[in-house]
Amino acid sequence: MDKGWLNELECLYRTLVVLVKDVVFISEYVTPTKPSYSKDGLFFSELRRRVDAYFGTRSRRDDPRIYRKTLILFTLYGAAYLALMSTATVETSVWIQVLLLCTLGFTCAALGFNCFHDSIHGSFSANSKINRFVAFISCSMIGASRLLWYQKHNVLHHQYPNIYEWDDDLETRNNLRLSPHQPWLSKFKYQHLYFPFIYALTTLEWLFVKDFAQYFSQKINSSQKTPKFTSLDHLEFWVSKLIYFSFFVVIPLFLFSIPQYLVGLLIMHVSLSWVLAAVFQPAHVMEEASFSKPDPAHPQMTDEWAVYQMKTSVNFAPKNSFLNWFSGGLNYQVEHHLFPLISHTHYPELSEIVKKTAAEYQIPYHSHPSYFGALRSHVMMLHHLSKVPETQPASSIRLDSSTAKTTLL
Ligand SMILES: [Zn+2]
């Protein structure tokens, strides 16, 4: 056989191996040294004392407002889904279908922020069975795995926000550079322009590829493992996915043509993904936020845990009551990171206590009065991260993701 063909085949094989490794995370596994924080100082003990005094004997969870909101969102979700499916048999304008798809996407996002996020944190109810039930139902409605999210969000993101190789929210598989500690690649040069396209595909990748890749490979990413699943956890994962795929793959494919279905799925997920990114990204990937990558030889952080949470979290539009309602209080990211077990319905009142205490202890309290100010800061940060870092010599700049991955690992 002609050697040219053999070389072509070998090249194709190597490209496929790199692609598969990228998708299922079967690259060499190395856990970075676990960072640890300094001992809690006076700031957090005083803050906790003031928050305890604010609540007194009142419950910090089970707020009737969250139950009312859950009822509204579940009803809206059901109504939007049924109305959308009915358009298969009732003649409807394509614009009405687009509107219903976006409504379903926005409602999924709101369910995610309010029910899914709060119940998995345990801040929805003081009763763990209610949290578990709400988490299971909302996971099945959104399509995500509760246990994988718990590990990625509650454990990795909340414990180590903006710490490269630990915070899973910074993990983009080199599609974007979200931390100054992430090695620079030439493709990041225009990330401040193309980022909406990457954000647009987040949930399609998360629900249809990433969850399964992480489940089967038992890895969250190239450096973090998934939690150990019990038999009940495996059952929950599959039942939850089965419910979602029945409603969002099987039933629609019975009612609509394949092209109609694919376009509809794309519209719904793009609207959902953009809303998720619009709330989660301006909370940490910001000009004013701190970013860390502890030295593996000395993983001790100089900050105490609470101070580090303050330095890495940013609030936005705190007076916007609709945004506060819709985003499940995630616009009060500082309060959420300090008190994830308290229902988000209390964040506006807690923010006054946190702000005052932070000022007394001279600790930064990041807050953008308007949403657009926060969005601007996020885009500016993406722009800043798109530039070649001064500390990275030109000779060490990696030009493609496969080389970068090898070097990182
Ligand atoms: Zn959270």
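**Helix α3, its surroundings and the cores of the chain**

Helix α3, which covers residues 64-86, contains 23 residues and spans 33 Å from its first C-alpha to its last, close to the 33 Å expected at 1.5 Å a residue. The model in which this helix appears is predicted. The chain as a whole has 16 helices and six strands. Of its 409 residues, 36% count as buried. Among contacts between residues at least 6 apart in sequence, 74% join residues at least 24 apart.

Which residues of α3 are buried? They are Ile66, Lys69, Leu73, Tyr77, Ala80, Tyr81 and Leu84. An α-helix has 3.6 residues a turn, so residues three or four places apart point the same way. The buried residues of α3 pack against two other helices, α4 (94-121) and α5 (128-142).

The loop between α2 (42-55) and α3 contains Asp62. This residue is not a glycine, yet Asp62 has a positive phi of about 55°. Asp62 counts as partly exposed because 14 other C-beta atoms lie within 10 Å.

From α3 the description passes to the nonpolar cores. The largest nonpolar core has 63 residues, and those with the most contacts inside it are Leu104, Ala109, Leu111, Phe116, Ile142 and Leu276. Helix α4 gives the most to this core, with 11 residues. A second, separate core has 15 residues, including Val51, Leu338, Phe339 and Tyr347. What surrounds Leu111, when its neighbours within four places in sequence are left aside? Leu111 is in contact with Leu73, Tyr77, Phe116, Ser138, Met141 and Ile142. Two of these partners, Leu73 and Tyr77, are among the buried residues of α3.

Helix α7 comprises residues 191-200, and Tyr199 lies within it. Is Tyr199 buried or exposed? A residue is buried if 20 or more other C-beta atoms lie within 10 Å of its own. Tyr199 has 21 C-beta neighbours inside 10 Å and therefore counts as buried. Leaving aside neighbours within four places in sequence, Tyr199 is in contact with Ser273, Trp274 and Ala277. Asn175 is 24 residues from Tyr199 along the chain, and the C-alpha atoms of these two residues are separated by 9.9 Å.

Two packed helices are described by the angle between their axes and the distance between the axes. For α7 and helix α15 (residues 371-386), the angle is about 120° and the axes are 9 Å apart. An angle of 65 to 115 degrees would count as roughly perpendicular, and one over 145 as roughly antiparallel. The two helices α7 and α15 are therefore oblique to each other. At this contact, Gln191, His192 and Phe195 in α7 meet Val379, Leu382, His383 and Ser386 in α15. By class, the contact of α7 with α15 has three nonpolar, four polar and no charged residues.

A further residue with an unusual sign of phi, for one other than glycine, remains to be placed: Gln362, whose phi is positive and near 55°. Where does Gln362 lie? Gln362 is found in the loop between α14 (347-360) and β6 (366-368). Gln362 counts as exposed because it has 7 C-beta neighbours inside 10 Å, whereas Asp62 is partly exposed.

Technical notes
Residues are numbered from 1 along each chain as its sequence is written. This is a predicted model: local features need pLDDT of at least 70, side-chain atom pairs count only at pLDDT 80 or more; totals for chains, interfaces and linings use all residues. Helices (H or I, at least four residues) and strands (E, at least two) are DSSP runs, numbered from the N terminus. A residue is buried if 20 or more other C-beta atoms lie within 10 Å of its own, exposed if 12 or fewer, and partly exposed in between; C-beta atoms are placed from the backbone. Two residues are in contact if their C-beta atoms, placed from the backbone, lie within 7 Å. The expected span of a helix is 1.5 Å times one less than its number of residues. Axes are lines fitted to C-alpha atoms, for helices over the stretch in contact, and angles run from 0 to 180 degrees between N-to-C directions. Angles under 35 degrees count as roughly parallel, over 145 as roughly antiparallel, 65 to 115 as roughly perpendicular and the rest as oblique. Ala, Val, Leu, Ile, Met, Phe, Trp, Tyr, Cys and Pro count as nonpolar, Asp, Glu, Lys and Arg as charged, and the others, Gly among them, as polar. A nonpolar core is a set of buried Ala, Val, Leu, Ile, Met, Phe, Trp, Tyr and Cys residues joined through C-beta atoms within 7 Å.
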